[in-house]
Structure formats: structure tokens, C-alpha cells
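Subject: The structure, with notes on what it holds

Dear colleague,

Here is the structure I promised to pass on, and my notes follow below it. Please read them with the sequence and the coordinates open beside you.

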Amino acid sequence: QVQLVESGGGLVQTGGTLRLSCAASGTIFSANAMGWYRQAPGKQRELVATVTSGGSTNYADSVKGRFTISRINAKSTVYLQMNYLKPEDTAVYYCNSFMSNNRLYWGQGTQVTVSS
């Protein structure tokens, strides 16, 4: 059974904060690295941040310094702490494996809307 359940999105003002959670199935989470992706209207899905099983992280330039990705392996859960949100962060956010071979299923995502 594949499970990717994102939560924590919502509507916030510019400069606000949200914390996203992703509950992932063991088979998906067992990949070495997990990532958060987002897709805004009219744009392709983009990789926002990644975290390896050991906790090493990388971020897209657009979110660097504002977002923090983390994981709790025992809970098969990935988090995305988002600070100083901007309208351009508005998108549906998805959690998935960073390894393309394991990105066979996408969850429903969670909507993040940042208004000015």
C-alpha cells in the first residue's frame, strides 16, 4: 500500500508561517532521500527541498533561508517549516521520494496560499 498524505497547508498573509507534514509509506520513505515539491498554477512541478536519511538538506534558491526540511525516520514523516512566506510560494505542496524510480505515486498535496 502506497501512502503519501500531506497536511498543514492553509491561507496565510505575507510573512506568515506554516508547517507542513507528510506521512509516507515505509516503501516510499525507505528511499535514501525525501523531498518536498510544489506546483503553482500554470507552472511545472518543482523541487523545493530535499533531506537524506541522515538529515542532510538542500533547498531551491527561491526558498533558501526561509524553509527548513526535516524528517523523523521512526515515524516515516517529513516536515517542511516555512517562514517568511511570500505570495510566490502559493502552490500545492507534495511530498515524495527524491529518487525518480520511487516517484510512481503522488498524493493529493496540501494547498498553501499566501496573500498580500
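The structure holds zero disulfides, a disulfide being a pair of cysteine sulfur atoms within 2.5 Å. Cys-22 is buried, with a relative accessible area of 0%, and Cys-95 counts as buried too, at 0% relative accessibility; here buried means under 20% relative accessible area, exposed means over 50%, and partly exposed lies in between, with a 1.4 Å probe and protein chains only.

Before the rest, a word on the source: this is a predicted model, in which local features need pLDDT of at least 70 and side-chain atom pairs count only at pLDDT 80 or more, while totals for chains, interfaces and linings use all residues. Residues are numbered from 1 along each chain as its sequence is written, and side-chain values use heavy atoms, with hydrogens and water left out.

The two sheets

Six strands form an open sheet of mixed pairing, in the order β2-β10-β9-β4-β5-β6, where strands are DSSP runs (E, at least two residues) numbered from the N terminus, and two of them pair if DSSP finds at least two bridges between them. Its edge strands are β2 (10-13) and β6 (57-59), each of which pairs on one side only. Between β2 and strand β10 (residues 110-115), which run parallel, there are four bridges, and Leu-11 stands opposite Thr-113 in β10.

Further along this sheet, β4 and strand β5 (residues 46-52) pair in the antiparallel sense over six bridges. These two strands form a hairpin with six residues between them, and Gly-42 in the turn has a positive phi of about 75°. From β5, three bridges lead to β6, the two running antiparallel, and the bridge partner of Ala-49 is Tyr-59 in β6. The hairpin of β5 and β6 has four residues between the strands, and in it Gly-55 takes a positive phi near 100°.

The other sheet is also open, with four strands in the order β1-β3-β8-β7 and antiparallel pairing. At its edges stand β1 (4-7) and β7 (67-72), each with a single partner strand, so one side of each is left without a neighbour in the sheet. Six bridges join β7 to strand β8 (residues 77-82), in the antiparallel sense, and Phe-67 has Met-82 in β8 as its bridge partner.

The aromatic cluster

A pair of aromatic rings is described by the distance of the centres and the angle of the planes. Rings of Phe, Tyr and Trp (its six-membered ring) pair if their centres lie within 6.5 Å, and planes under 30 degrees apart count as stacked, over 60 as edge-to-face and the rest as tilted. By this rule the count comes to two aromatic pairs. The rings of Tyr-37 and Trp-106 have their centres 5.2 Å apart and their planes at 85°, so this pair is edge-to-face. Because Tyr-37 lies in strand β4 (residues 33-39) and Trp-106 in the loop between β9 (91-97) and β10, the pair ties together parts that are 69 residues apart in sequence. Tyr-37 is buried, at a relative accessible area of 6%, whereas Trp-106 is partly exposed at 25%. Tyr-94 and Trp-106 make an edge-to-face pair as well, at 5.8 Å centre to centre and 85° between the planes.

Ring pairs thus link Tyr-37, Tyr-94 and Trp-106 into a cluster. Arg-45 adds a charge here: its charged end sits over the ring of Tyr-94, 4.9 Å from the centre, and Arg-45 also lies over the face of Trp-106, at 3.8 Å from the ring centre. A charge sits over a ring if NZ of Lys or CZ of Arg is within 6 Å of the ring centre and within 35 degrees of the ring normal.

The salt bridges

A search of the whole structure finds three salt bridges, each a side-chain nitrogen of Lys or Arg within 4 Å of a carboxyl oxygen of Asp or Glu. Arg-38, which stands opposite Glu-46 in β5, forms a salt bridge with Glu-46, the closest N and O atoms being 2.7 Å apart. Arg-38 also meets Asp-89 in a salt bridge (3.0 Å, N to O), and this pair links distant parts of the chain, 51 residues apart, with Asp-89 in the loop between β8 and β9 and Arg-38 in strand β4. Both Asp-89 and Arg-38 are buried. Asp-89 meets Arg-66 in a further salt bridge (2.7 Å, N to O), and Arg-66 is buried at 9%. Arg-38, Glu-46, Arg-66 and Asp-89 are thereby linked in a network of salt bridges.

With best wishes
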